Amino acid sequence: MKIQTQEISTRILDEKDVQLFVKRIDLTHEFISGNKWYKLKYNLLEAKRNSYNTLLTFGGAYSNHILATSVLANENGFKSIGIIRGERCAVLNPTLKLAEEHGMQLHYVNRKEYQSKQTSKFLSVLKNKFGDFYLIPEGGSNKFALKGTAEIITKNDSQDYICCSVGTGTTLAGIINSSSFKQNIIGFPAIKGVTELEKEIKSITTKSNWQLNNNFCFGGYAKTNSLLINFINTFNKNQLIPLDAIYTGKMMFGILELIAKDYFPKGSSILAIHTGGLQGNKGMNQRFGFNLP
Ligand SMILES: Cc1ncc(COP(=O)(O)O)c(C=O)c1O
């Protein structure tokens with residue numbers, strides 16, 4: 001698959017003598033987009049290798065991963081089950097509506113049950129209810145996802161800095177593992193606290209050429225403000241690159257702020273990974289009346 005890398009052109013980049021590129025892995029597929037494609041690739045192979053016919057996974061009501069799994073299952077002849085945190089609403093949001101349209105059976109559990117989703121007791125309840133399934137954890141994050149996300153960058157991606165948005169840290173970890181020692185990898189968490197996240201990333205990576213910058217999470221997961229929404233819309237208008245409000249918009253905002261504050265040395269090059277998530281904008285627009293791309 002040929003992945004496009006786009007160079008960004010703005011006055012601040014010229015002024016600071018820094019180059020910024022965006023790797024458009026969001027264009028891999030309309031719904032199995034960005035990091036989801038890489039996280040699910042080896043999970044799908046593993047499910048096929050072990051002759052499963054059902055994929056079961058977990059997620060919130062707006063989860064990119066839930067939708068991606070439903071579409072992947074549908075395209076590959078699997079049944080899919082999504083265990084969703086919270087209660088079913090009378091009208092499904094755009095994410096769950098599409099997941100259902102792609103054949104996913106949605107099963108809602110309360111927050112307490114959801115927290116126990118990895119326990120053998122809960123999993124055996126699910127097995128009794130749904131029969132045998134290939135289990136993909138929340139966010140798709142497991143060792144197969146780590147293997148897949150290590151393919152996001154190749155040796156042609158030789159920029160000095162690689163930036164990526166962070167949820168569970170699996171995508172960043174895959175990138176770290178396939179980066180070169182002289183590259184600097186910066187993760188922009190979409191969530192607030194990073195202590196556990198740092199521990200997790202450390203435990204699955206082989207290098208120390210990385211750091212998390214938590215100054216651009218905008219108050220936490222799925223939190224936004226008009227500064228962020230305006231930034232995403234202006235960036236889309238000027239660069240023709242749509243960003244999402246939960247992950248990639250925050251990352252790109254952070255990168256441009258760091259450039260403005262001379263964080264990156266003159267002459268350096270940065271590669272930002274566009275991890276997708278654009279389907280989530282529809283739900284944000286519907287809920288909050290935004291005009292996100
Ligand atoms: C669009 C998007 N970008 C980035 C991430 C972060 O990925 P990870 O959970 O592997 O850190 C996610 C979550 O999976 C996502 O949906």
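Reader: What is the N to O distance where the side chains of R88 and E100 meet in a salt bridge?
Author: Heads-up: this is a predicted model, in which local features need pLDDT of at least 70, side-chain atom pairs count only at pLDDT 80 or more, and totals for chains, interfaces and linings use all residues. Residues are numbered from 1 along each chain as its sequence is written, and side-chain values use heavy atoms, leaving out hydrogens and water. A salt bridge here is a side-chain nitrogen of Lys or Arg within 4 Å of a carboxyl oxygen of Asp or Glu. For R88 and E100 that N to O distance is 2.9 Å.

Reader: And where along the chain does E100 sit, given that the pair links distant parts of it?
Author: Elements are DSSP runs numbered from the N terminus: helices are H or I with at least four residues, strands are E with at least two. R88 is in the loop between β4 (79-85) and α4 (94-101), twelve residues from its partner. E100 itself sits in helix α4.

Reader: Is R88 buried, partly exposed or exposed?
Author: Buried means under 20% relative accessible area, exposed over 50%, and partly exposed in between (1.4 Å probe, protein chains only). R88 has a relative accessible area of 45%, so R88 is partly exposed.

Reader: What about R11 and E15: how far apart are their closest N and O atoms?
Author: Both residues lie in helix α1 (residues 11-16), four residues apart, about one turn of the helix. R11 is exposed because its relative accessibility is 62%, while E15 at 45% is partly exposed. In their salt bridge the closest N and O atoms are separated by 2.5 Å.

Reader: Which residue forms a salt bridge with E138?
Author: The closest N and O atoms of this pair are 3.6 Å apart. E138 is partly exposed, at 31% relative accessibility, whereas its partner is buried at 10%. A network of salt bridges also brings in R85. The partner of E138 is K117.

Reader: How many salt bridges does the count come to by this rule?
Author: Side chains of opposite charge can pair when their charged atoms come close. Going by the rule above, the tally is twelve.

Reader: Now the core: which helix gives the most to the largest nonpolar core?
Author: A nonpolar core is a set of buried Ala, Val, Leu, Ile, Met, Phe, Trp, Tyr and Cys residues joined through side-chain atoms within 4.5 Å. The largest one has 32 residues, with L20, M252, I255, I259 and I270 making the most contacts inside it. Elements supplying at least two residues each include β2 (19-23), β10 (269-273) and α11 (248-260). The top contributor, with seven residues, is α11.

Reader: Which residues does I255 touch, leaving out those up to four places away in sequence?
Author: Contact means heavy atoms within 4.5 Å. On that basis, I255 touches L20, C163, F188, F264, I270 and A272.

Reader: Which are the edge strands of the six-stranded open sheet?
Author: Strands pair if DSSP finds at least two bridges between them. The order is β1-β2-β10-β7-β8-β9, with mixed pairing. Pairing on one side only, the edge strands are β1 (5-7) and β9 (210-212).

Reader: At about what angle does α11 run to β10?
Author: Axes are lines fitted to C-alpha atoms, for helices over the stretch in contact, and angles run from 0 to 180 degrees between N-to-C directions. α11 lies across β2, β7, β8 and β10. Its angle to β10 is about 165°.
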